[in-house]
Amino acid sequence: MIQIEIDEGSGFCFGVTTAIKKAEEELAQGKTLYCLGDIVHNGMECERLREMGLITINHDDMRQLHDVKVLLRAHGEPPETYELARQNNIEIIDATCPVVLQLQKRIKKQYDENASQIVIFGKKGHAEVLGLVGQTESKAIVIENFDEVKKLDFSRDIYLYSQTTKSLDEFHRIIDYIQSHIAEGATFKSFDTICRSVANRMPNISNFATKHDLILFVCGRKSSNGKVLFNECLRVNPNSHLVEDPCEILPEWLEGIQTVGICGATSTPRWLMEQCRDAILKMT
């Protein structure tokens, strides 16, 4: 009999939980509610909320809307979105994660005080990063990985921030490189803005992945946080597979397996991990 364990540390982070709760509360009242972008990077959860009545829109769609309610997800939005809402008499239900909101304020304050090189370690085009860059009138420089740090101008002041869900180790590598290359007389300051509830999942999930013969990492393929955590599972346990839903689980993965560990990203609902567990039980 295969033993299956679902990682207790996996699943929605605080920001995602709050955003979904706010959406459910509005929809339970039978009100029309729009969400700017996927509320979470998980197709199955988005579909569940769509069936409840949540309408997902993009920024072009929002420009055509007037006198409605729009939910802003945990990732946050740039100032232009709030201005558009004001112009179109749109009521904003702001579910921006408090950690992201605080980071936006810090970057805006830094930009207002000193418009030198503000650098954000993050994924280009990611919703959270767009919101952060928006605090600087789109003048912040985004670097996606360690290799891109070399394109910075080390003769000028550098103020370094990070997307909340990036790798802590890579962030520290970037800090070390800048410190060793910054020109004499130029200022370098770094601000560790990585969310600890996310960063702490790395060692936890690493430990979890070593305990099982097979790891099923459940998450949407759009999830940046999911990619980081899944790669960590792969690093410590090569017999790890990423699946978006139970249908992707292959019976041959279970051959000769005694223990299965199921885990996921900050955007993975608990009920989806439980469905994957049930699918394995049916197969065996």
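**Exercise 1. In which strand does Thr259 lie?** Place Thr259, then describe its surroundings.

*Solution.* This is a predicted model: local features need pLDDT of at least 70, side-chain atom pairs count only at pLDDT 80 or more, and totals for chains, interfaces and linings use all residues. Residues are numbered from 1 along each chain as its sequence is written, and side-chain values use heavy atoms, with hydrogens and water left out.

Step 1. Thr259 lies in strand 12, residues 259-264. Helices (H or I, at least four residues) and strands (E, at least two) are DSSP runs, numbered from the N terminus.

Step 2. Thr259 has a relative accessibility of 16%, so Thr259 counts as buried. Buried means under 20% relative accessible area, exposed over 50%, and partly exposed in between (1.4 Å probe, protein chains only).

Step 3. Leave out residues up to four places away in sequence. Thr259 then touches Gln3, Lys211, His212, Asp213 and Leu214. Contact means heavy atoms within 4.5 Å.

Step 4. A polar atom of the Thr259 side chain lies 3.0 Å from the backbone nitrogen of Asp213.

**Exercise 2. Is Ser167 buried or exposed?** Locate Ser167 as well.

*Solution.* Step 1. Ser167 sits in the loop between strand 8 (158-162) and helix 7 (168-181).

Step 2. The relative accessible area of Ser167 is 18%, so Ser167 is buried.

Step 3. Not counting residues up to four places away in sequence, Ser167 touches Phe121 and Ile194.

Step 4. From a polar atom of the Ser167 side chain to the backbone nitrogen of Glu170 is 3.2 Å.

**Exercise 3. Which residues does Lys151 touch, not counting residues up to four places away in sequence?** Start with its place in the chain.

*Solution.* Step 1. Lys151 lies in the loop between strand 7 (141-143) and strand 8.

Step 2. With a relative accessible area of 51%, Lys151 is exposed.

Step 3. The residues touched by Lys151 are Lys124, Ile141, Val142 and Ile143.

Step 4. Take Tyr161 for a distance. Lys151 and Tyr161 are 10 residues apart in sequence and 16 Å apart in space, C-alpha to C-alpha.

**Exercise 4. What is the phi of Asp67?** Do the task for Glu137 too.

*Solution.* Step 1. Most residues other than glycine have a negative phi.

Step 2. Asp67 has a positive phi, near 55°. Asp67 lies in the loop between helix 3 (59-63) and strand 4 (69-72). At 56% relative accessibility, Asp67 is exposed.

Step 3. Glu137 is not a glycine, yet its phi is positive, about 55°. Glu137 is in the loop between helix 6 (127-133) and strand 7. Glu137 is exposed, at 57% relative accessibility.

**Exercise 5. At what angle do the axes of helix 1 and helix 2 cross?** Describe how helix 2 packs with helix 11 as well.

*Solution.* Step 1. Two packed helices are described by the angle between their axes and the distance between the axes. Axes are lines fitted to C-alpha atoms, for helices over the stretch in contact, and angles run from 0 to 180 degrees between N-to-C directions.

Step 2. Helix 1 (residues 14-28) and helix 2 (residues 43-52) have axes that come within 10 Å and cross at roughly 20°. Helix 1 and helix 2 are therefore roughly parallel to each other. Angles under 35 degrees count as roughly parallel, over 145 as roughly antiparallel, 65 to 115 as roughly perpendicular and the rest as oblique.

Step 3. In this contact, Ile20, Glu24 and Leu27 of helix 1 meet Glu45, Arg48, Leu49 and Met52 of helix 2.

Step 4. Helix 2 packs with helix 11 (residues 270-283) at about 115°, with axes 9 Å apart. Met44, Glu45 and Arg48 of helix 2 make the contact with Trp271, Leu272 and Gln275 of helix 11.

Notes
A polar contact is a pair of N or O atoms within 3.5 Å; within protein, one must be able to donate a hydrogen and the other to accept it, and residues adjacent in sequence count only if both atoms are side-chain atoms.
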